[in-house]
Amino acid sequence: MIEYTIDGSSWLEYNSEDGVTLTGENIYTVIARQIDLAGNESEESNTITITIDTTAPDSPVISGIADGVYYNNAVHFSVIVPGVQENVQYSLDGGSTWESYTEYEVELADEGEYEIVARQVDFAGNESWSTTY
């Protein structure tokens, strides 16, 4: 028989037909062990930590430029993220292609029209709402 515990709760028998379902946004720790027919317990498995994260990160703010304004020289913009900053990205073509935002600011020097979009993607793959200019 295989047993498992979640977050140090009481041991439960593992059923391969039902599996184990973790629901709700949380960080879970899971440990397993095996018990033979004579009642001898194996050593406990390594602790496995599982994070369920379904919340989108904070939306970034584009700073340093204004929507609909014409500039006659190079202009710089920054992407500001409130809270924890994870994978911040920006696009100059409305979201068709994305670049990682790693600089302090981005320079727009080439003549043309830009549709600037910024987003944040957290470690679980949740995307923030995009900010567009």
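**Entry 1: a pair of strands to start from**

I began at V75, which stands opposite L108 in strand 9. I was working in a predicted model, so I kept that in mind throughout. Strand 9 covers residues 106-108, and 3 bridges join strand 9 to strand 6 in the antiparallel sense. Next I looked for the other partner I had in mind for strand 6, which spans residues 75-80: strand 5 (residues 61-63) pairs with strand 6, again antiparallel, over 3 bridges. I noted one bridge by name there, V61 with I80.

**Entry 2: rings**

How many aromatic pairs are there? I found 2. I took F77 and Y90 to begin with: their ring centres are 5.8 Å apart and their planes stand at 80 degrees, so I logged the pair as edge-to-face. F77 belongs to strand 6 and Y90 to strand 7 (residues 87-91), so this pair ties together parts that are 13 residues apart in sequence. Are F77 and Y90 buried or exposed? Both are buried.

I then moved on to Y90 and Y101. Here the centres lie 6.3 Å apart with the planes at 85 degrees, so this pair is edge-to-face too. Y101 sits in the loop between strand 8 (99-100) and strand 9, while Y90 is in strand 7, so the contact ties together parts 11 residues apart in sequence. Y90 and Y101 are both buried. I put the three names together in my notes, since F77, Y90 and Y101 form one aromatic cluster.

**Entry 3: charges over rings**

I checked tryptophan rings next. The charged end of R33 sits over the ring of W11, 3.9 Å from the ring centre. R119 lies over the face of W98, and there the distance to the ring centre is 3.8 Å.

**Entry 4: E127**

R119 led me to E127, because the side chains of these two residues are joined by a polar contact of 3.4 Å, and E127 is partly exposed at 43% relative accessible area. I placed E127 in the loop between strand 10 (117-121) and strand 11 (131-132). Which residues does E127 touch, leaving aside its neighbours within four places in sequence? I listed A56, P57, R119, Q120 and V121. I also took one long distance: E127 and L37 are 49 Å apart, C-alpha to C-alpha, with their positions 90 residues apart in sequence.

**Entry 5: the open sheet**

I turned to an open sheet of 4 strands, with the order 2-1-3-4 and antiparallel pairing. Strand 2 (12-13) and strand 4 (48-52) are at the edges with a single partner strand each, so one side of each has no neighbour in the sheet. Inside the order, strand 1 (residues 2-6) and strand 3 (residues 26-34) pair antiparallel over 5 bridges. One entry pleased me: the bridge partner of E3 in strand 3 is R33, and R33 is the residue whose charged end sits over W11.

**Entry 6: the whole protein**

I finished by stepping back. The protein has 0 helices and 11 strands. The C-alpha atoms fill a box of roughly 85 × 25 × 20 Å along the principal axes. I compared the radius of gyration with the globule rule: the protein has 24 Å, but a compact globule of 133 residues would have one near 14 Å. Buried residues come to 26% of the 133. Of the contacts between residues at least 6 apart in sequence, 45% join residues at least 24 apart.

How values were computed:
Residues numbered from 1 in each chain as written. Predicted model: local features only at pLDDT ≥ 70, side-chain atom pairs only at ≥ 80, totals over all residues. Heavy atoms only, no water. Pairing = 2+ DSSP bridges. Helix = DSSP H or I, 4+ residues; strand = E, 2+ residues; numbered from the N terminus. Phe/Tyr/Trp six-rings, centres within 6.5 Å; stacked < 30°, edge-to-face > 60°. Buried < 20%, exposed > 50% of the residue type's maximum accessible area, 1.4 Å probe, protein only. Lys NZ or Arg CZ within 6 Å of the ring centre and 35° of its normal. Contact = heavy atoms within 4.5 Å. Polar contact = N/O pair within 3.5 Å; in protein donor to acceptor, adjacent residues only side chain to side chain. Rg over C-alpha atoms; globule rule 2.2 N^0.38 Å.
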